[in-house]
Amino acid sequence: MEQEGSIRFRCDAGIAGPDVRGTLGVRSFEELLDPDAQLERAERVSRGADRSTTRFPLPGTPASDGGPLTSSPQGGGTGWVVLERFHRSPWRELFRSRFTHPRSASIAERRWNLLCHLRQHGVGTPQPLAVGARGAGPVSRRSFLITRDLEDFEPAPDWLAREANPHARALGLRSIGATLSSLVTARVHLPHIRPRHFEISKPTEAHEGEACGLRAELVAAHLRRIRLPSVVLTDVEGGAIRERTSAADVRQMLAALDAPSLRISAPERRRLAVSAVRGLPRDLRASILRSLPPLRGRSR
């Protein structure tokens, strides 16, 4: 961690340097902590009693798609980032973050540590760019986290509601299953996990049109080469890293994902559960699958 006055901060290696503030396009780290500070071209996403979320562009980001750069990029590339400010974090949540794994002195640093751990274990997440907190005590009520905003992704429930092609649905569910498997083997428990916390990459126009005019056998060969769509886990609220995988934790997360909003059939739900536990020891895997409630997925 680096220090600027009473504020400690850490940055991703890609933006670290002598002028981190310039790279991010802010005048001071105090701006990132103050929920009332107005950042240039910022968009308020949400604001609650103890936290707020804002989007703002990095220096040079065009004002519109395909437009000219607004200034010279400052080393972090261009694009939008998401700033989460935690300004009156509840004491109970803070001390839970301090005394459970990964031990963290603030809510933002807890999220940073969870995101880094998940990424090291193959779970796609928004890229963490910077984190900071004020104070030198055991916990800090004021902290911030900056992640790179997602482009061309949409929540899994929306993707599945729109996607009727069985082959494409199977690929998307395989990606979600692989993400769940990595989450479980990383020993991370997310008690507040929801279907909307998984986002799936949208197909690009080039990808959608590249098979036009091809003969049927070439189209089939092309489909066999299609990569799985990318899946990103966007929320780690209340997360913790366990010493060992717990069947109860896995069951709880699978139950939370068995929601009507996910819009999957009973066989699809079963395949998703099987994928989620495939990296576990056989006995634990069998115990979890046997304990699942009767299939009640939605028919299509």
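Hi everyone. Before we look at anything, one definition: two strands count as paired if DSSP finds at least two bridges between them. Keep in mind, too, that what you see is a predicted model.

With that in hand, let's look at strand 5, residues 80-86, and strand 7, residues 143-148. These two run antiparallel, and 6 bridges join them. To pick out one spot, find V81: its bridge partner in strand 7 is R148.

Now let's widen the view. Strands 5 and 7 belong to an open sheet of 7 strands, in the order 1-2-6-7-5-4-3, with antiparallel pairing. Which strands stand at the edges? They are strand 1, residues 2-4, and strand 3, residues 43-47; each has a single partner strand, so one side of each has no neighbour in the sheet. On average, neighbouring strands here are turned by 20 degrees against each other, ignoring direction.

Next, helix 4, residues 107-120. This helix lies across strands 2, 4, 5, 6 and 7, and runs at about 150 degrees to strand 6.

Helix 4 also brings us to the charged residues. How many salt bridges does the structure hold? There are 15. One of them links R111 and E84, with the closest N and O atoms 3.0 Å apart. R111 sits in helix 4 and E84 in strand 5, so this pair ties together parts 27 residues apart in sequence. Are these two buried or exposed? Both R111 and E84 are buried. They are also part of something wider: salt bridges with shared partners join D50, R51, E84, E93, R111 and E237 into one network.

Let's stay with R51 for a moment. Its side chain meets that of D50 in a salt bridge, at 3.4 Å from N to O. D50 is buried, at 18% relative accessible area, while R51, at 22%, counts as partly exposed. R51 forms a salt bridge with E237 as well, and there the closest N and O atoms are 3.0 Å apart. E237 is in the loop between strand 11 and strand 12, and R51 is in strand 4, so this pair ties together parts that are 186 residues apart in sequence.

Last stop: helix 9, residues 247-257. At its start, a side-chain oxygen of S246 reaches to within 3.2 Å of the backbone nitrogen of A248. The buried residues of helix 9 include V250, M253, L254 and L257. And what do the buried residues of this helix pack against? Their partners are helices 6, 10 and 11, together with strands 9 and 10.

That's the tour. Thanks for listening!

How values were computed: Residues are numbered from 1 along each chain as its sequence is written. This is a predicted model: local features need pLDDT of at least 70, side-chain atom pairs count only at pLDDT 80 or more; totals for chains, interfaces and linings use all residues. Side-chain values use heavy atoms; hydrogens and water are left out. Buried means under 20% relative accessible area, exposed over 50%, partly exposed in between (1.4 Å probe, protein chains only). Helices (H or I, at least four residues) and strands (E, at least two) are DSSP runs, numbered from the N terminus. Contact means heavy atoms within 4.5 Å. A polar contact is a pair of N or O atoms within 3.5 Å; within protein, one must be able to donate a hydrogen and the other to accept it, and residues adjacent in sequence count only if both atoms are side-chain atoms. Axes are lines fitted to C-alpha atoms, for helices over the stretch in contact, and angles run from 0 to 180 degrees between N-to-C directions. A salt bridge is a side-chain nitrogen of Lys or Arg within 4 Å of a carboxyl oxygen of Asp or Glu.
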